Amino acid sequence: MTKRNSVPAVGGELTPGQEALWLIQNLDPDCVAYNVTAALSLHFPVDAAVLESAVRATILDHSLLGSVFACDDSGRVRRHPAPATAPVFERHEPDLGADDFRDFALGLTRRPFGLDREPPVRAALLRPRGRPDVLLITAHHIVADNISQLLICREILSRYAALRAGRRHEPQDAGAVFDRFVARQRAYLDSPRADRARQHWKRELRGVSEHVALPADRPRPPIYRPEGAEIDLELPADLVAGLDGAVAARNVTLFAYLLSVFELLVYRFSGRTTFVVGYPVTQRRGPGARDAIGYFVNTLALRADLDPEDGFDALVRRTSAALWRSLMHRDYPFALLSGLVDLPRDPGRPGPVTVLFALNELDVDDPIAAAMEPGREVEHAGLRTTEYYLPQQQGQFELSLQMTRRARSMQAKLKYNTSLFTERTARRLAGDYLELLRSAVGETLPPALRELIPEARVNRWTA
């Protein structure tokens, strides 16, 4: 690989996960699948100059946000301070209708990052005529997980309010928290714990020698293209109300129950009884980690084993047990997983994990997290905001299901790779998940899982 913008052998180290993200971006410089976006409608008179000062101060006080990532003379990727003149704030006043304005905003979030030459975060203030201003914060995943995006928004608003009031804002030493996390990750790889984790993952994934065969609508490209779209579903209130009771009756977590239904969906779609499902876990542990900005996430791999003669309860028990075993080894980097599985290397797939399940349970006490609930207006630092939703992080996997649980509601986003699947197929899959979940909660699933797959399974997607 050609090294771009090589720098001397100094600078901050990266975690294995960050190194993997850098490699993905370096191999495909136009990739935007790992752009993470938060967008807020601002329901207050905005002083653009003060907001820009708040953005710049936030980036200045978080060295991770004001960095570039480049190879040093030894070939290692390291973090270095970005040029002080690098642009991080934009102002736009587009005279567009609501739909065209949304497309314009989405376009701003879908510009690739040159990680070796520019800061991995951008802010934009959009000022549409006759509608509230919108603040866009887009970062590359290499410096921000989803929680970090909320923290960045919260800090910018806090700084803005302090500047407007002539007060001093005292930031936490959050950069040191992430630096300690990187050091722990590096030390972990040489520890007996990592050796035990490697053995665990080898045992768990032994015998999985084929990728899950999702029947695609289009010919699979020879090189995987990280491009996608999503289907949104709001779970009916009666289904959400019955879900907690169904989970409690089986003495499992909500995550294990919903993941088991996702396994049913993949089984029903592919006919495969053994496959790998990815699921993200947070690594925010220790003092200050809850409020630190950084990439504190790892993806784990669950070996799904479905016995066609079993019922749903047996699948839930097996899934729950596998989750608990794996969570003991949650620190083993996903980036190193490909060396532990028997799956063949295939450039036409995103990696050893092609399908992913995620559950977000939002903190109702966090005002910015609450602002991510559609239509809900919240106040932080005396400033009122609502979410301005823009789709993001699409195409990382062939198929993924992201569930979001709030106090009394639940939403689902089925994300699919558009080079493989049509919107029609994605909608059928989303509807199938809802159907399977309702049957599971209502205890109307067949006694044997094989009955979920009709003989004409293939025809049902082309009918």
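Two strands are taken to pair if DSSP finds at least two bridges between them. Helices (H or I, at least four residues) and strands (E, at least two) are themselves DSSP runs, numbered from the N terminus. The structure is a predicted model, in which local features need pLDDT of at least 70 and side-chain atom pairs count only at pLDDT 80 or more, while totals for chains, interfaces and linings use all residues. Residues are numbered from 1 along each chain as its sequence is written, and side-chain values use heavy atoms, with hydrogens and water left out.

Strand β2 (residues 67-71) and strand β3 (residues 77-81) run antiparallel and are joined by five bridges. One of the partnerships links C71 to V77 of β3. The two strands form a hairpin with five residues between them, and within the turn G75 has a positive phi of about 90 degrees. Strand β2 is mostly covered, as five of its five residues are buried; buried denotes under 20% relative accessible area, exposed over 50%, and partly exposed the range in between (1.4 Å probe, protein chains only). The side chains of β2 are divided between two directions: S67, F69 and C71 point one way, whereas V68 and A70 point the other way.

Helix α8 (residues 254-270) is likewise described as mostly covered, with 17 of its 17 residues buried. From its first C-alpha to its last, α8 reaches 24 Å, close to the 24 Å expected for its 17 residues at 1.5 Å a residue. The expected span is 1.5 Å times one less than the number of residues. Just after α8, G271 takes a positive phi of about 80 degrees.

Contacts between parts of the chain distant in sequence were examined at G294, which lies in the loop between β8 (274-282) and β9 (297-305). G294 counts as buried because its relative accessible area is 0%. The C-alpha atoms of G294 and L64 are separated by 7.3 Å, although the two residues are 230 residues apart along the chain. With contact meaning heavy atoms within 4.5 Å, and residues up to four places away in sequence not counted, G294 touches L64, V143, A144, D145, S148, F178 and R284.

A second position of this kind is D232, placed in strand β7 (residues 228-234). D232 is classed as partly exposed because its relative accessible area is 45%. D232 and A412 are 180 residues apart in sequence and 5.9 Å apart in space, C-alpha to C-alpha. Leaving aside residues up to four places away in sequence, D232 touches A412 and K413. The side chains of D232 and K413 also make a polar contact (3.1 Å). A polar contact is a pair of N or O atoms within 3.5 Å; within protein, one must be able to donate a hydrogen and the other to accept it, and residues adjacent in sequence count only if both atoms are side-chain atoms.

Aromatic rings were then considered. Rings of Phe, Tyr and Trp (its six-membered ring) pair if their centres lie within 6.5 Å; planes under 30 degrees apart count as stacked, over 60 as edge-to-face and the rest as tilted. By this rule the count comes to ten aromatic pairs. The rings of F178 and F181 have centres 5.7 Å apart and planes at 45 degrees, so this pair is tilted. F178 and F181 are separated by about one helical turn because they are three residues apart in helix α5 (residues 174-189). Both residues, F178 and F181, are buried. F178 also forms an edge-to-face pair with F296, at 5.2 Å centre to centre and with 90 degrees between the planes. This pair links distant parts of the chain, 118 residues apart, with F178 in helix α5 and F296 in the loop between β8 and β9. F296 is buried, as is F178. Elsewhere, F255, F262, Y279 and F357 form one aromatic cluster.

Charged groups also lie over aromatic rings, a charge being counted if NZ of Lys or CZ of Arg is within 6 Å of the ring centre and within 35 degrees of the ring normal. R102 lies over the face of Y388, at 4.3 Å from the ring centre, and R122 over the face of F113, at 3.9 Å.

Positive phi values also occur in residues other than glycine. For A381, phi is near 55 degrees; this residue is in the loop between β11 (378-380) and β12 (383-387). A relative accessible area of 39% is why A381 is partly exposed. Phi of E443 is near 55 degrees, and E443 is found in the loop between α11 (423-441) and α12 (457-460). E443 is exposed because its relative accessible area is 61%.
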